[in-house]
Amino acid sequence: MFILSLTYVKPNDEADRHMEPHMAWVKEGYAKGWFLASGRKVPRTGGVILAIGERAAIEAYVAADPFTLHGIAEYDITELAVTTAVEGLEILKG
């Protein structure tokens, strides 16, 4: 499992201009079966995506995010070896 933590490096109004293509990219990540949950950080300084899959594929996909391509946000990718999860979230265990 991976925690994809993105931090805006440009103002929110600039992020808003690229939000529609970014959200299309997020939806595609769900369609591929890689993304499990996502949302904005509070306060709004970026976002977090919980993902599963192969690290190289996830890294390549992150590089194709419109936020990455336009320099809106930078990603920190943390791999997590989940050993315990509540019932129904066993998919998080690798």
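The following exchange concerns how the terms applied to this predicted model are justified.

Local features require pLDDT of at least 70 and side-chain atom pairs pLDDT 80 or more, while totals for chains, interfaces and linings use all residues. Residues are numbered from 1 along each chain as its sequence is written, and side-chain values use heavy atoms, without hydrogens and water.

Reader: What makes up the order of elements in the protein chain?
Author: Helices are DSSP runs of H or I with at least four residues, and strands are runs of E with at least two, numbered from the N terminus. The protein chain holds four helices and four strands, in the order β-α-α-β-β-α-α-β from the N terminus.

Reader: Why are the buried residues of helix 3 placed on the same side?
Author: Buried means under 20% relative accessible area (1.4 Å probe, protein chains only). In helix 3 (residues 55–63), Ile58, Tyr61 and Val62 are buried. The directions from the helix axis to their C-beta atoms define the arc; because this arc is only 100 degrees, they lie on the same side of helix 3.

Reader: What covers the buried residues of helix 3?
Author: The cover, judged by contact (heavy atoms within 4.5 Å), includes strand 1 (2–8), helix 2 (19–31), strand 2 (35–40), strand 3 (46–51), helix 4 (66–69) and strand 4 (73–79).

Reader: How do you know that the radius of gyration agrees with a compact globule?
Author: The radius is taken over C-alpha atoms, and the globule rule is 2.2 Å times the number of residues to the power 0.38. For 94 residues a compact globule would be near 12 Å, and the protein chain has 13 Å, so the two agree.

Key:
Buried means under 20% relative accessible area, exposed over 50%, partly exposed in between (1.4 Å probe, protein chains only).
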